[in-house]
Amino acid sequence: MKHLSHLLIALVLFITPLFSQNTNEFTIASEKGDRMEWWTEARFGMFIHWGLYALPARHEWVMSNEKMPKKAYEKYMEYFNPDLYNPKEWARLAKNAGMKYVVFTAKHHDGFSMFDSKFTDYKVTNAPIKRDLLKELVDAFRAEEIRIGLYYSLIDWHHPDFLVKDPIHPERNNQEAISKDGQRNKKTFQKYLKNQLTELLTNYGKIDVLFADFSYPQKENGKGKDYWNSEDLYKLIRKLQPQIILNDRLDLEKEAGWDYKSPEQFMPQNWVTYQGEKVPWETCQTFSGSWGYHRDEFTWKSPRQTIAMLIETVSKGGNLLLNVGPTARGVIQDEAVERLEATQEWMKYNSRSIYGCTQAPEEFKTPDNCLLTYNPKTNRLYVHVLEWPFKTIYLPGLAGKVKYAQILNDASELKLDSKKGAWLDDVKEGDNGLKITIPVRAPNVEIPVIELFLN
Ligand code: GLC
């Protein structure tokens, strides 16, 4: 009997590491806390969509939207000469706005490489600008201590081996191009993805984030993990940059070949979950609807809306990746700068309610017209007041739980012993809310924040 139990224990001890080794290959970040630490602390990054599509200036999908043949689109390479490109300026803008990481389009769906790749001629070093723009960007952002992320499109509308019979391909209605699909070699294309990813993940130093884009296997003739050979790509990525944080668009959902969910131009109602579990997530958002520079797009969110979006994202435990689409001269347009500067102004006084913060514990109910964030390390709760109420703010569930309160932007005390109402006391028996007296005049910041030091 005793022998048998010893044998069993030995067997279990032997078998367990085998299994954990196996699952280690694909492990999502919630189980890999260390790797994700800087990212959850950071909360705020800059997305940059920049490529040939800045020239037509009517959406980065222009090639597909207008069903442009490859030849017609290729001409933009001859004119791509961003003479005003100054990535140091971009990096300063991002830094000042409080952004802690950048994600740059090394290659978008049009297949044009914004870096010097050995595996294609369709690249920035062959355009009139003749420089590795990615390299310059990486250097400039790193100099500002901003972490580096790369966006890499799996979709490639330029590569000759990429199947054209595809619901979003620019030449999807071109029978002649489709008829050549039989000669297109999937393996060659897969090798190309590997080669380019290898270049990106070896030639530019430490890469902190990879944003691969995107899979659509659910669509008829769509493409997913089998087409990209995602499992091999995943292994390659992890091998070359073990600490890299990877998005969820390689179509390796079930295999857990991803670190965070990436809802796009969408504000989730709650913390994003996978199989019922809260997972790391990041929403990427545009200022104006288009990712690439779009001259005639006028649906700009207001500066206040973008700040509110950042707060709301953090209040649900997520990150915000906010996009700019520079012009083909290499300039971030005024509307975007204006919004980044408004964010800078707000962050200067209020970033403490963003960095390292997350969703508030459930016991704290959100007050009317407010958004809550919480810093678990300092045990402080942040009340973002979207509509400054008259004279008192009511904080449900907080009676007896706050030891000190202040307005964040000027650290001015808010007394906790709020007076009873002069006309009538409308606090009900057994109410566990806290009423704090606030100044009638709202603080002079876009969205005021009250900082509560909890017991
Ligand atoms: C989509 C679009 C693309 C954009 C990206 C950002 O996948 O195809 O144009 O780059 O989302 O998340």
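## Strand E16 and its partners

Let's start with one pairing: Val383 has Ile450 as its bridge partner in E16. Please keep in mind that this is a predicted model. The pairing belongs to a wider match, since strand E11, residues 380–385, is joined to E16 by 5 bridges. These two strands run antiparallel.

E16 also pairs with strand E13, which covers residues 402–407. Here too there are 5 bridges, and the strands are antiparallel. On this side, Tyr404 has Phe453 as its bridge partner in E16.

## How E16 is covered

Is E16 mostly covered or mostly uncovered? The strand spans residues 449–454, and 6 of its 6 residues are buried, so E16 is mostly covered. Both faces share in this. One side carries Val449, Glu451 and Phe453, while the other carries Ile450, Leu452 and Leu454, and all of them are buried.

## Around the ligand

Now for the ligand. Which of the 14 residues around the ligand come nearest? They are His49, Glu60, His109, Asp213 and Glu264. By class, the shell around the ligand holds 7 nonpolar, 3 polar and 4 charged residues.

Some side chains offer an N or O atom to look at in your viewer. In His49, such an atom is 2.5 Å from an oxygen atom of the ligand. The side chain of Glu60 likewise has an N or O atom 2.5 Å from a ligand oxygen, and for Asp213 the distance is 2.7 Å. On its own the ligand exposes 310 Å², and the protein buries 95% of that.

Technical notes:
Residues are numbered from 1 along each chain as its sequence is written. This is a predicted model: local features need pLDDT of at least 70, side-chain atom pairs count only at pLDDT 80 or more; totals for chains, interfaces and linings use all residues. Side-chain values use heavy atoms; hydrogens and water are left out. Buried means under 20% relative accessible area, exposed over 50%, partly exposed in between (1.4 Å probe, protein chains only). Helices (H or I, at least four residues) and strands (E, at least two) are DSSP runs, numbered from the N terminus. Two strands pair if DSSP finds at least two bridges between them. A residue is near a molecule or strand if one of its heavy atoms lies within 4 Å of it. A polar contact is a pair of N or O atoms within 3.5 Å; within protein, one must be able to donate a hydrogen and the other to accept it, and residues adjacent in sequence count only if both atoms are side-chain atoms. Accessible areas come from the Shrake-Rupley method with a 1.4 Å probe; for residues, only the protein chains shown count as cover. Ala, Val, Leu, Ile, Met, Phe, Trp, Tyr, Cys and Pro count as nonpolar, Asp, Glu, Lys and Arg as charged, and the others, Gly among them, as polar.
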